[in-house]
Amino acid sequence: MISENIAQVQKNIEQACERAGRNPNTVTLIAVSKTHSPEAVLEAIAAGAQHFGENRVEEASIKIPAVTSQISTPVTWHMIGHIQSRKARDVVPLFSVIQSVDSLKLANKLSSSAVEQNRQLGILLEVNISGEESKDGVQAFGWRNNAARFQELVNVIHQIMDLPALHLRGLMTMAPIVETMEQTRPIFADLAALQDALQQSLGIALPELSMGMTDDYPVAVEEGATMVRVGRAIFGNRVK
Ligand SMILES: *Cc1c(COP(=O)(O)O)cnc(C)c1O
């Protein structure tokens, strides 16, 4: 079941790449295992999954060691959920990539905790590109026509780049929930354009774009996603 689902998602990613003239090797599938058991994760690993996403520190602190004790080749764990500053210390030993860095304050905490724990972390800056109030992320809505907002993003990135033990690799966003997949296209295209503009302005590479979930990952791939975060299409509905 899980193995068939992974094969289907991989096939959909390949077809989206073909439509967009992209190499499928440039897209990493993050299997979002939140609420699912270590056994389900092990099944996904047996089916070839290498990257997993979790959104809660408490859950991950039980699941990740349980999975790790059962495998000989390590997999990569990505934190994708909001992190309260006081929990920053706890995520550091569990994850190698933190996708949900949504403030300079959190980046500072992660950096000092990583230094203390002698760890290096890949991070993505989470941005709120849709402008929805319910969304986490550094505000990026309307960045094209709002020079102050764009400059604030540039400043935040500059400061994050100076922090030890953190390696900024790109941007992450959550699209709004909409009726049809196609409605998310402008959001994903806007994030890709923001990536371009930031790279130009900062003179650095921000190669990763984490965007797209079960309901919209094919469109995200067409618009340039390098990481898609897929939960339900792999593991079924969430268990709690
Ligand atoms: C749960 C979650 C996903 C996966 O959602 P699905 O709709 O199950 O694919 C992706 N990204 C984030 C940040 C999530 O919290």
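1. A165 is a good place to begin in this predicted model. The residue sits in the loop that connects α6 (147-161) to β7 (166-172), and its relative accessible area of 11% places A165 among the buried residues, because buried means under 20%. Its backbone deserves a second look, since phi of A165 is near 75°, a positive value in a residue other than glycine. As background, most residues other than glycine have a negative phi.

2. A second residue with a backbone angle of this kind is N118, whose phi is near 55°, again positive although the residue is not a glycine. N118 belongs to the loop between α5 (104-116) and β5 (121-128). Is N118 buried or exposed? With a relative accessibility of 72%, N118 counts as exposed, because the limit for that class is over 50%; A165, by contrast, is buried at 11%.

3. Strand β1, which covers residues 28-32, is mostly covered, four of its five residues being buried. On one side of the pairing list stands β9, which runs parallel to β1 and is joined to it by four bridges; within this pairing, I30 stands opposite R229 of β9. β1 also pairs with strand β2 (residues 51-54), again in the parallel sense, over two bridges, and here V32 has G53 as its bridge partner in β2. The connection from β1 to β2 involves helix α2 (residues 38-46), and together β1, α2 and β2 make a β-α-β unit that is right-handed.

4. The reader may next turn to G231, which lies in the loop between β9 (227-230) and α9 (232-235). G231 is buried, with a relative accessible area of 8%. Which residues does G231 touch, if those up to four places away in sequence are not counted? The contacts are V32, T214 and G236, and the link to T214 can also be followed through the backbone, for the C-alpha atoms of G231 and T214 are separated by 6.4 Å although the two residues are 17 residues apart along the chain.

5. Several of these residues return around the ligand, whose surroundings consist of V32, K34, I80, M174, M213, T214, R229, V230, G231, R232 and R238. Polar contacts can be described for three of them in turn. A polar side-chain atom of K34 lies 2.7 Å from an oxygen atom of the ligand, while a polar side-chain atom of R229 lies 2.8 Å from a nitrogen atom of the ligand. In the case of G231, the atom concerned is a backbone N or O atom, which lies 2.8 Å from an oxygen atom of the ligand. R229 is thus a residue to inspect twice, as it stands opposite I30 in the pairing of β9 with β1 and also has this polar side-chain contact with the ligand.

6. S100 is found in strand β4 (residues 97-101) and is buried, its relative accessible area being 0%. What does the side chain of S100 reach at 2.7 Å? It reaches the backbone oxygen of G81. Once neighbours within four places in sequence are left aside, the contacts of S100 are M79, I80, G81, H82, I83, L106, L124 and E126; I80, which appears in this list, is also one of the residues around the ligand.

7. The charged side chains form 12 salt bridges in the model. One of them joins K63 to E54, with the closest N and O atoms 2.8 Å apart, and both of these residues are buried. Another salt bridge is the one in which the side chains of E58 and R56 meet at 4.0 Å, taken from N to O. Both of its members are partly exposed, because the relative accessibility of E58 is 37% and that of R56 is 42%.

8. A further salt bridge brings the side chains of K135 and E132 together at 3.0 Å from N to O. How do K135 and E132 stand with regard to exposure? K135 is buried, with a relative accessible area of 17%, whereas E132 is partly exposed at 27%. Elsewhere, salt bridges that share partners join R19, E182, R185, E222 and E223 into one network.

Technical notes
Residues are numbered from 1 along each chain as its sequence is written. This is a predicted model: local features need pLDDT of at least 70, side-chain atom pairs count only at pLDDT 80 or more; totals for chains, interfaces and linings use all residues. Side-chain values use heavy atoms; hydrogens and water are left out. Buried means under 20% relative accessible area, exposed over 50%, partly exposed in between (1.4 Å probe, protein chains only). Contact means heavy atoms within 4.5 Å. Two strands pair if DSSP finds at least two bridges between them. A crossover is right-handed if, with the strands pointing away from the viewer, the path from the first strand over the helix to the second runs clockwise. A polar contact is a pair of N or O atoms within 3.5 Å; within protein, one must be able to donate a hydrogen and the other to accept it, and residues adjacent in sequence count only if both atoms are side-chain atoms. A residue is near a molecule or strand if one of its heavy atoms lies within 4 Å of it.
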